[in-house]
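User: I have a structure open and want to reason through its details. Can you walk me through it, one question at a time?

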Amino acid sequence: MPKVSVLVPVHNAAPYLAESIGSILSQTFRDFELIAVDDGSSDGSKELLEALAMRDRRVRLLHLTENRGIVAALNTGLELCTGEYVARMDGDDLAHPERLRLQLEFLEAHRDHVACGCDLWMFGARHWYARYPRIDAECKSLLALFPCLSHPAVVLRRSALDPAPYREDYRLAEDYKLWVDLIPKGRFANIPRPLVRYRIHPGQSIATASAPQRRVHARIAAERLLHLGLNDLGAGDVYRFLWPLAEPANETRSTYLRHARRFVATLWRANPAASDWLRVALVRVMLRNLLLWR
């Protein structure tokens with residue numbers, strides 16, 4: 001039985017697959033299986049994965065005959081994972097050669113942790129460095145409004161995952177929901193190194209954030225705020241704070257500023273121990289949105 005199962009859902013990623021899968025097969029840590037779930041691809045991804053599986057016995061391929069979506073692909077793939085840990089990877093990203101070794105060493109040394117992520121280098125259509133909170137308190141504070149881990153860069157302790165942990169009713173933000181659900185299971189951390197290069201290209205979810213995706217995100221945040229005792233901040237308040245002009249509305253700069261000030265003041269009063277990560281994120285959102293009315 002391998003120590004790690006690397007779970008890679010794939011849908012029409014043919015231009016990037018060989019390089020992406022190759023970055024996992026070239027890891028310095030070797031005790032892993034790679035579970036590739038082809039989610040009804042129509043661009044030759046299935047054939048590419050079959051060829052890779054023929055060359056490396058660590059690659060196991062599951063083919064879904066129709067496109068069922070990321071939630072079904074992940075839950076189905078998890079059923080095949082036999083490792084003590086599950087590492088996520090997307091079929092268009094690149095892993096640093098030391099990624100698995102460093103994340104596994106951390107989780108082995110910190111048995112109370114259930115998730116270990118890392119920073120990202122974003123590349124492709126845009127370039128930037130994405131930093132994530134380092135320690136558990138920072139991660140869980142940030143979860144009040146934002147995900148604290150990058151899904152395709154995380155390694156999870158398999159024993160902490162429920163059967164079918166990805167929720168179809170939270171599709172489009174299923175990773176954010178998973179982090180919230182894992183809060184009582186153990187601690188989170190991110191390694192302060194860019195162990196994954198995250199490719200930005202047309203057609204992926206980060207490039208095509210939709211109104212339904214934003215609404216699911218707002219619902220998860222509102223549920224988290226309710227758990228923290230904030231009964232007077234609902235999903236509509238979260239949505240308005242994060243995306244004031246995302247949908248047709250009569251929002252003006254002055255009305256948004258009043259709402260944002262009330263939102264932040266309410267959040268801080270109820271959560272005085274909020275980490276600097278959350279405070280900085282709130283300020284950045286406010287400043288970004290205020291510039292929309294330039």
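## Questions on the model

User: Before the details, what kind of model is this, and which residues does Glu-33 touch beyond four places in sequence?

Analyst: This is a predicted model. Leaving out residues up to four places away in sequence, Glu-33 touches Pro-2, Val-4, Ser-5, Val-6, Arg-58, Arg-60, Leu-80, Cys-81, Thr-82 and Gly-83.

User: Is Glu-33 buried or exposed?

Analyst: Glu-33 lies in strand β2, residues 32-39. Its relative accessible area is 7%. Buried means under 20%. Glu-33 is therefore buried.

User: Which side chain makes a polar contact with the side chain of Glu-33?

Analyst: Arg-60 is among the residues that Glu-33 touches. The two side chains make a polar contact at 3.0 Å. The partner is Arg-60.

User: How many residues of β2 are buried?

Analyst: Phe-32, Leu-34, Ala-36 and Asp-38 point one way from β2. Glu-33, Ile-35, Val-37 and Asp-39 point the other way, and all are buried. The strand is largely enclosed by the rest of the structure, because its buried count is 8 of the 8 residues.

User: In which sense do β1 and β2 pair, and which residue of β1 stands opposite Ile-35?

Analyst: Strand β1 covers residues 4-10. It pairs with β2 over 7 bridges, in the parallel sense. Opposite Ile-35 stands Leu-7.

User: How many aromatic pairs does the structure hold, and is the pair of Phe-241 and Tyr-256 stacked or edge-to-face?

Analyst: The structure holds 5 aromatic pairs. In the pair of Phe-241 and Tyr-256, the ring centres are 6.5 Å apart and the planes are at 25 degrees. Planes under 30 degrees apart count as stacked, over 60 as edge-to-face. The pair is therefore stacked.

User: How many residues apart in sequence are the parts that this pair ties together?

Analyst: Phe-241 lies in helix α8, residues 235-242. Tyr-256 lies in helix α9, residues 253-270. The pair therefore ties together parts whose separation in sequence is 15 residues.

User: Which residues do ring pairs link into a cluster?

Analyst: Phe-241 is buried at 0% relative accessibility. Tyr-256 is also buried, at 0%. Ring pairs link these two into a cluster with two other residues, and its members are Phe-241, Tyr-256, Phe-263 and Trp-293.

User: What do the buried residues of α9 pack against?

Analyst: The buried residues of α9 include Tyr-256, His-259, Phe-263 and Leu-267. The 18 residues of α9 should span 26 Å, and the end C-alpha atoms are 26 Å apart, which agrees. Its buried residues pack against α7 (211-227), α8 and α10 (276-290).

User: What covers the buried residues of α7?

Analyst: α7 has 17 residues and reaches 24 Å, close to the 24 Å expected. Among its buried residues are Arg-214, His-217, Ile-220 and Leu-225. What covers them includes α5 (136-142), α6 (174-182), α8 and α9.

User: Which ring does the charged end of Arg-219 sit over, and which ring lies under that of Lys-140?

Analyst: For Arg-219, the ring is that of Tyr-170, with the charged end 4.3 Å from its centre. For Lys-140, the distance to the ring centre is 5.1 Å, and the ring belongs to Phe-188.

User: Which residues does Ile-183 touch beyond four places in sequence?

Analyst: Ile-183 lies in the loop between α6 and β9 (187-200). It is buried, because its relative accessible area is 16%. Its contacts beyond four places in sequence are Lys-140, Leu-143, Phe-188 and Arg-224.

User: How far apart in space are Val-154 and Met-89, C-alpha to C-alpha?

Analyst: Val-154 lies in the loop between α5 and β8 (155-157). It counts as buried at 0% relative accessibility. Val-154 and Met-89 are 65 residues apart in sequence, yet their C-alpha distance is 8.0 Å.

User: Is Ala-164 buried or exposed?

Analyst: Ala-164 lies in the loop between β8 and α6. It has a positive phi of about 50 degrees although it is not a glycine. Its relative accessible area is 52%, and the cut-off is over 50%, so Ala-164 is exposed.

Technical notes: Residues numbered from 1 in each chain as written. Predicted model: local features only at pLDDT ≥ 70, side-chain atom pairs only at ≥ 80, totals over all residues. Heavy atoms only, no water. Helix = DSSP H or I, 4+ residues; strand = E, 2+ residues; numbered from the N terminus. Buried < 20%, exposed > 50% of the residue type's maximum accessible area, 1.4 Å probe, protein only. Polar contact = N/O pair within 3.5 Å; in protein donor to acceptor, adjacent residues only side chain to side chain. Contact = heavy atoms within 4.5 Å. Phe/Tyr/Trp six-rings, centres within 6.5 Å; stacked < 30°, edge-to-face > 60°. Lys NZ or Arg CZ within 6 Å of the ring centre and 35° of its normal. Expected span 1.5 Å × (residues − 1). Pairing = 2+ DSSP bridges.
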